[in-house]
Every structure is written in structure tokens, then in C-alpha cells.
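Q: Please take a close look at one part of this structure, and then show how the rest is arranged around it. Keep the sentences short, and explain each term as you go.

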Amino acid sequence: GKNDVRKNISTHPDFLVNTPAPIDEKKKNLVEIIKKFHEGGEEKCTTNPHTFAGKLLPIEWAILMYKHLDHHLKQFGV
């Protein structure tokens, strides 16, 4: 389905970060983004299409964000 995450695809150039920042700063930023996403609820969810998956319902965005975050946390052993 459209919520399946393909493996080993390249990172979209818009999301590449070339300037390292202290891990505590990155962690704080991530926690704030997660809170904002959660507290906004379905009515605040974007209606913009996803780069790869296309148009998504709010619940599909939530599933995709969970899977994406989980992937990266496991990738870095967190």
C-alpha cells in the first residue's frame, strides 16, 4: 500500500543537512516537531501531497511519519 516504506531509496536533496549541530539541539527540535504534529490533530494536518506517496489522509500521514521516524531511530541505534 501507499504506507509501505521502500528501502534503500536516496534522500531527497531538500532534506540533506550538511551542517552538524549538537545532538541535544537536534533532539529538542525533534521532540518539538513531534509535539506540534500530535497536538495539531487531523484538522491541522497538511493537505499537500507527499513527495513519493502522493495524496494522503491525516491517518496515513501519521502512519508514514511514525514509520519514517522509527526507521531513522533504529538506523542510528536509538
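A: **A patch on the surface**

Leu30, Ile34, Leu73, Phe76 and Val78 make up a nonpolar surface patch, and together they offer about 480 Å² of accessible area. The model is predicted, so local features need pLDDT of at least 70 and side-chain atom pairs count only at pLDDT 80 or more, while totals for chains, interfaces and linings use all residues. Residues are numbered from 1 along each chain as its sequence is written, and side-chain values use heavy atoms, with hydrogens and water left out.

What makes a patch? Its residues have over 30% relative accessible area and no salt bridge; like charges are joined within 9 Å, and nonpolar side chains (Val, Leu, Ile, Met, Phe, Trp, Tyr) within 5 Å. Accessible areas come from the Shrake-Rupley method with a 1.4 Å probe, and for residues only the protein chains shown count as cover.

Take one member, Phe76. Phe76 sits in the segment after α2, which spans 58-75. A helix here is a DSSP run of H or I with at least four residues, a strand is a run of E with at least two, and both are numbered from the N terminus. Is Phe76 buried or exposed? Phe76 counts as exposed because its relative accessibility is 62%. The cut-offs are under 20% for buried, over 50% for exposed, and partly exposed in between, with a 1.4 Å probe and protein chains only.

Now turn to Leu69. Leu69 is in helix α2. Its relative accessible area is 26%, so Leu69 is partly exposed. Leaving aside neighbours within four places in sequence, Leu69 is in contact with Leu30 and Ile34; contact means heavy atoms within 4.5 Å. Both partners also belong to the patch. Leu30 is 39 residues from Leu69 along the chain, and their C-alpha atoms are 9.7 Å apart.

Helix α2 also carries a charged pair. Side chains of opposite charge can pair when their charged atoms come close. Asp70 and Lys74 form a salt bridge, with their closest N and O atoms 3.0 Å apart. That term means a side-chain nitrogen of Lys or Arg within 4 Å of a carboxyl oxygen of Asp or Glu. The rule gives a count of 1 salt bridge. Where do the two residues stand? Asp70 and Lys74 are 4 residues apart in helix α2, so about one helical turn separates them. Asp70 is partly exposed, because its relative accessibility is 23%. Lys74 is exposed, because its value is 59%. The C-alpha atoms of Lys74 and Ala21 are 20 Å apart, with their positions 53 residues apart along the chain.

Next, the loop. His50 lies in the loop between α1 (23-40) and α2. Which residues does His50 touch, neighbours within four places aside? His50 is in contact with Leu56, Trp61 and Leu64. From His50 to Trp61 is 11 residues in sequence and 8.5 Å from C-alpha to C-alpha.

Last, the whole chain. The chain has 2 helices and 0 strands. Its C-alpha atoms fill a box of roughly 35 × 30 × 25 Å along the principal axes. Of its 78 residues, 10% are buried. Among contacts between residues at least 6 apart in sequence, 61% join residues at least 24 apart. The chain exposes about 7100 Å², with carbon and sulfur atoms supplying 59% of that area.
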